[in-house]
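Got the model open in your viewer? Let's take a walk through it, one selection at a time.

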Amino acid sequence: MISCILSSMKIISFLIILVTFSSFSQEEDAWVYFKDKPASNIYLNSPLLMLSQRAIERRENQGISFDLKDVPIEFSYISEIYEATGISVKAKSKWLNAVHVQGTQSNIELLLYLSSVNSIQFVNRILNKSVSEKSTNKFKLEKITTVNELNYGFAENQIMMLNGDFLHDMGYTGQGIQIAVLDAGFKGVETFNAFSNLHDNNTLNGEILGGYDFVNRNSNFYFDMGNTHGLSVLSTISGFIDSQFIGTAPDAQFYLFITEDSGSETPLEESLWVEAVEKADSLGVDIINTSLGYTTFDNSDYDYSYSDMDGQTTFISRGAEIACSRGMVLVTSAGNEGNSSWKYISAPADVSSVLTVGAVDENEVISFFSSYGPTADNRVKPEVLAQGEKVYIINNEGNIATSNGTSFSSPIMAGMVACLWQAFPSKSSDEIKELILGSTDSFYNPSSHGGYGIPNFESIYNLLDVDTVKSSEIKIYPNPMVNTLTIESNQADFSIKIFNLLGKLVYNKNSSFSQIIIDTSFLKNGMYILKICSEKMETTFKIIKK
């Protein structure tokens with residue numbers, strides 16, 4: 001035991017000596033990946049040590065088990081980095097078992113001598129002995145240009161376009177759903193009248209549950225960083241001025257996280273974003289909205305190329321993919337580069353399990369600035385559209401104003417996701433996303449600019465409401481299905497018909513057996529209506545092919 005300690009001390013001393021003689025080169029950003037999580041059994045046997053009760057219940061309700069990704073990073077590994085080299089950790093990700101560090105190349109490379117370190121990935125990929133194509137354009141937060149107008153009723157268009165008013169009329173306004181908004185600048189949310197529903201429980205049911213400023217590492221998440229982008233984004237979900245303005249989910253509850261440093265564009269913001277999403281997961285958040293995207297940076301050595309937009313390459317996208325696997329719905333803006341030389345979506349909009357939202361104007365025409373797909377590996381992105389041009393928001397003075405950007409189409413959609421999930425809380429995050437995609441107006445004819453089109457939340461509700469009148473004599477499984485669908489009935493003779501959402505009959509068969517297995521491999525992914533009839537009953541189901 002003593003020899004091990006002495007050996008460790010010798011290694012640390014050796015590293016300190018090397019650091020002393022290292023050259024004073026420019027600082028670099030890098031991700032340091034650890035080999036293991038030695039305390040994993042303790043955490044996995046006691047989930048409350050790493051997740052809130054609400055987060056645990058969300059997992060259990062969706063049948064999602066706990067795994068090694070949920071276990072926090074070994075604290076001694078983090079402290080060892082500073083003790084050995086003096087390098088400070090700027091951000092950390094338990095899901096990727098990695099920390100974000102800044103230091104000279106030589107100092108960072110010394111961390112490979114630590115037994116806890118598995119690998120190091122420099123943000124500047126030239127230092128990783130690889131060269132990638134550079135892009136000259138930068139996708140940063142769009143600047144909000146507002147026109148001070150107080151035109152009554154204009155905000156209703158961005159809700160009615162999605163038939164969100166139907167869900168509101170049914171009493172579903174996001175109550176009981178928790179949304180985390182990751183952005184920059186929320187100053188004014190705590191004081192403006194348009195957000196009184198969030199800090200005055202005598203009005204509506206919405207509430208600010210908490211937040212954190214990951215950029216400045218403090219709890220003052222209302223801090224004014226000279227950017228109120230987050231405030232305006234939040235307003236499209238939660239804003240409420242009686243008879244003048246209403247967001248898509250005014251009764252939802254919120255966590256506000258600052259992850260974006262509006263004064264710069266650096267890879268550290270990716271790591272802060274992942275850290276914030278992990279925090280949201282641990283708190284039990286249901287939905288995350290992020291109106292941010294990354295392609296290029298202030299230091300061009302760190303730039304991504306279009307080939308990196310494959311949902312698996314960038315640090316933020318890898319974190320987003322894990323987040324979706326935890327049972328949350330992640331909604332993100334496609335980006336505003338549709339009219340630039342970059343043109344395409346950004347990260348994390350390239351992730352397959354993220355709901356990526358493009359923008360249309362008030363007449364449902366795709367906005368020229370809305371970023372194009374597909375992803376680098378040829379998947380449909382963006383997937384859905386919502387109003388993002390001439391959209392009504394609350395501005396930095398607390399007034400109703402108009403603005404442009406997919407930064408607003410995304411939270412408008414996130415609010416509607418909250419209302420839908422409130423209406424059907426037993427649905428999983430994957431099912432919620434599939435339902436939204438299946439209701440779009442261009443599901444069978446997606447495009448690189450508009451994806452599958454504009455969802456219809458009224459049609460989703462009507463389809464799901466059919467499921468509440470099921471015959472106990474019929475069982476269907478699995479649903480969602482992949483290539484087969486099994487139907488079991490108490491009766492031997494029944495007919496089976498499957499219709500697509502346009503009402504076209506795509507399958508028709510009579511069965512003389514109590515059980516039948518249907519080959520559904522010929523169906524395209526999406527939502528269908530299954531109709532089963534016999535002499536004594538007629539039952540309709542909503543089914544999903546994925």
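Helices here are DSSP runs of at least four residues, numbered from the N terminus. One thing to keep in mind as we go: this is a predicted model.

**Stop 1: helix H12**

Select residues 406-423, which make up helix H12. The helix has 18 residues, and from its first C-alpha to its last it reaches 26 Å, close to the 26 Å expected at 1.5 Å a residue. Now show the surroundings: is H12 enclosed or open? Of its 18 residues, 18 are buried, so H12 is largely enclosed by the rest of the structure.

**Stop 2: the nonpolar core**

As a rule of thumb, nonpolar side chains in soluble globular proteins tend to be buried together. Select Val189, Phe254, Leu256, Ile287 and Met413 next: in the largest nonpolar core, which has 70 residues, these five touch the most other members. H12 gives the most to this core, with 11 residues.

Zoom in on Met413. Which residues does Met413 touch, leaving aside neighbours within four places in sequence? Its contacts are Leu162, Val331, Leu355, Val357, Val384, Leu385, Ala386, Pro455 and Phe457.

Before moving on, pick out Ala276, Ile316, Ala323 and Ala347: they are among the members of a second, separate core of 39 residues.

**Stop 3: Ile159**

Head over to helix H6, residues 156-160, and click on Ile159. Buried or exposed? Ile159 is buried, with a relative accessible area of 4%. Leaving aside neighbours within four places in sequence, Ile159 is in contact with Gly164, Asp165, His168, Ile246, Gly247 and Thr248. Try a distance label between the C-alpha atoms of Ile159 and Thr248: they are separated by 6.4 Å, although the two residues are 89 apart along the chain.

**Stop 4: the cavity**

Rolling a probe the size of a water molecule over the atoms shows where empty space is left. How many cavities of 30 Å³ or more does the structure hold? The count is 1, and about 50 Å³ of space lies in the largest cavity.

To see its walls, select Cys324, Met328, Val329, Leu330, Ser353, Ser429, Asp430 and Lys433. Color them by type and you get 4 nonpolar, 2 polar and 2 charged residues. Strand E12 (329-333) and helix H13 (429-438) each supply at least two residues of this lining. Which element gives the largest share? That is H13, with 3 residues.

Terms used:
Residues are numbered from 1 along each chain as its sequence is written. This is a predicted model: local features need pLDDT of at least 70, side-chain atom pairs count only at pLDDT 80 or more; totals for chains, interfaces and linings use all residues. Side-chain values use heavy atoms; hydrogens and water are left out. The expected span of a helix is 1.5 Å times one less than its number of residues. Buried means under 20% relative accessible area, exposed over 50%, partly exposed in between (1.4 Å probe, protein chains only). Contact means heavy atoms within 4.5 Å. On a 1 Å grid over the protein atoms alone, a cavity is a set of points where a 1.4 Å probe fits but cannot get out, and a pocket is an open set with protein on both sides within 12 Å along at least five of seven lines; lining residues have an atom within 4 Å of a point. Grid points are joined across faces, edges and corners, and a volume is the space filled by probe spheres set on the points. Ala, Val, Leu, Ile, Met, Phe, Trp, Tyr, Cys and Pro count as nonpolar, Asp, Glu, Lys and Arg as charged, and the others, Gly among them, as polar. A nonpolar core is a set of buried Ala, Val, Leu, Ile, Met, Phe, Trp, Tyr and Cys residues joined through side-chain atoms within 4.5 Å.
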